[in-house]
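Thank you all for making time this morning. I would like to walk you through one structure, and I will put it up on the screen before I say anything about it.

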Amino acid sequence: MNMILKTGNVAALAARDKGIQVRNITKTYADHVAVDDVSFDLKSGELLTLLGPSGSGKSTTLMMVAGFENPDRGTINVNGSNIVGVDARKRHFGIVFQGYALFPHMTAMENVEFPLRMRRVAPAERLRLAREMLERVGLGSMTHRRPRELSGGQQQRVALARALVFQPHALLLDEPLGALDKNMREKMQYEIKELQRTLGISILFVTHDQEEAMTMSDRIAVMDQGRILQIGSPKSVYEQPNTAFVANFLGETNMISCHVSGVDAERAVVALGDGQRGAAVVSGSGTALSRDIAARLSVRPENVTILRPGDAVDFRLRGTVKQHTFVGRHSRTIITAGEMDFAVITADAARAAKIAMGDIVDFGWKSEHALVITK
Ligand code: ADP
């Protein structure tokens, strides 16, 4: 039996967890490049999300880490050795995929015991560890139920317990909450974060859902067409997207054509179509910017203000309110100005109440909220 299991302490994961280093992995099916030179580190104890639209290569990347697919080239390192070619069962990753179901004829307990049985853990120890893990996921009273006697959320908890019980190097989760309704999904997002925190385990998480990624991740790797476009904290990829694709995928944004007339390390001076100039932020994520080029400003709707006398902004436009709707605690306004429709989110109820369809309004934003995007 392995030493860690002998200690029987499911909270002792972090110490031996060195994360995973993925370098330049590529996978081609026929002539289609599914994953194209992807590199990232899953750091010890972090939850890293691969986020991207359907077909962007997230699952294929995860499958290569799991060992169900082999990369054409590249390496995947765990504890200093390359695991490419190592049998999936010998990689010691806990896995929850949508298509990786519970065994229907086994009870919750037997399902969770199964990976320990495969690892030849003694029966008494197996029972103890499986019970402890089922209790941890809140199913201590349902250990004898079979999958069909459990709700969707409970089944996913059993799947998580089964993936965690043998103290894996890391947890690999591919859209694990995809089949659940919104409330259960949010509850499970929280529970997975709690498990990550209390067990100190590293999690590689796949989702196409931007909100889920923002809620759960320590870092997000945004994927498109088999490549990682940007990796960073949810805040940094939201506030400093390096491409229009990342800016749009992580939420709504206004993309305003501009011309870069001056640039230094962190700031650029841009001119809008109407000739007004102002400073804007240059993304810290490697966008090489030169002067005298066409670019776009990305300004999030919550950073556009419909102006009242005395409001100070760095860019100012005039337009007509085309739509104005209340969405819960804030309002959303569409303003047409020139050729473009601007989206504006107003959180201040008193301000929002004064806006009406058909109004001609001045609106604008500050330099600190205008990000120059060139790709
Ligand atoms: P995602 O998880 O982001 O939806 P996938 O990794 O599943 O994307 O797929 C990436 C691309 O590779 C897609 O175009 C998909 O059709 C293709 N692909 C995935 N698996 C296979 C396979 N076994 N054979 C052929 N093409 C595949």
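Let me begin with a question: in which sense do strand β14 and strand β20 pair, and over how many bridges? What you have in front of you is a predicted model, and in this model β14, residues 293-299, pairs with β20, residues 371-373, in the antiparallel sense over three bridges. To pick out one position in that pairing, leucine 297 has valine 372 of β20 as its bridge partner.

That pair belongs to a wider arrangement, in which five strands close into a barrel in the order β11-β12-β13-β20-β14, with mixed pairing. If we ignore direction, neighbouring strands of this sheet are turned against each other by 55 degrees on average.

Stepping back to the whole chain for a moment, there are 10 helices and 20 strands, and of the 375 residues 50% count as buried. Taken along the principal axes, the C-alpha atoms fill a box of roughly 75 × 45 × 40 Å.

Let me turn now to the ligand, which I expect will interest most of you at the bench. The residues around the ligand are Tyr29, His32 and Ala34, then Pro53, Ser54, Gly55, Ser56, Gly57, Lys58, Ser59 and Thr60. By character, this shell divides into three nonpolar residues, seven polar ones and one charged one.

Which backbone atoms come up against oxygen atoms of the ligand? A polar backbone atom of glycine 55 is 2.7 Å from a ligand oxygen, a backbone N or O atom of glycine 57 lies 3.0 Å from an oxygen atom of the ligand, and for serine 59 the corresponding distance, again from a backbone N or O atom to a ligand oxygen, is 2.8 Å. Taken alone the ligand exposes 560 Å², and the protein buries 60% of that area. The elements that give two or more residues to the shell are β2, residues 32-42, and α2, residues 58-66, and α2 provides the largest share, with three residues.

Next I would like to look at the hairpin of β17 and β18. Strand β17, residues 330-337, runs antiparallel to β18 and is joined to it by seven bridges, and within that ladder serine 331 has threonine 346 as its bridge partner. Two residues lie between the strands, and in this hairpin glycine 338 takes a positive phi near 60 degrees. Is β18 largely enclosed or largely open? Five of the seven residues of β18, residues 340-346, are buried, and the strand is therefore largely enclosed by the rest of the structure.

A histidine with a side-chain contact to threonine 333 deserves a word here. Histidine 324 lies in strand β16, residues 315-327, and its relative accessible area of 16% makes it buried, since the cut-off for buried is under 20%. The side chain of histidine 324 makes a polar contact with the side chain of threonine 333 at 2.8 Å, and a polar atom of the histidine 324 side chain also lies 3.1 Å from the backbone oxygen of alanine 352.

My last stop is methionine 133, which is placed in helix α4, residues 123-136. Methionine 133 counts as buried, at 0% relative accessibility. From C-alpha to C-alpha, methionine 133 and arginine 162 are 8.1 Å apart in space, while in sequence they are 29 residues apart.

Definitions and conventions. Residues are numbered from 1 along each chain as its sequence is written. This is a predicted model: local features need pLDDT of at least 70, side-chain atom pairs count only at pLDDT 80 or more; totals for chains, interfaces and linings use all residues. Side-chain values use heavy atoms; hydrogens and water are left out. Buried means under 20% relative accessible area, exposed over 50%, partly exposed in between (1.4 Å probe, protein chains only). Helices (H or I, at least four residues) and strands (E, at least two) are DSSP runs, numbered from the N terminus. Two strands pair if DSSP finds at least two bridges between them. Axes are lines fitted to C-alpha atoms, for helices over the stretch in contact, and angles run from 0 to 180 degrees between N-to-C directions. A residue is near a molecule or strand if one of its heavy atoms lies within 4 Å of it. A polar contact is a pair of N or O atoms within 3.5 Å; within protein, one must be able to donate a hydrogen and the other to accept it, and residues adjacent in sequence count only if both atoms are side-chain atoms. Accessible areas come from the Shrake-Rupley method with a 1.4 Å probe; for residues, only the protein chains shown count as cover. Ala, Val, Leu, Ile, Met, Phe, Trp, Tyr, Cys and Pro count as nonpolar, Asp, Glu, Lys and Arg as charged, and the others, Gly among them, as polar.
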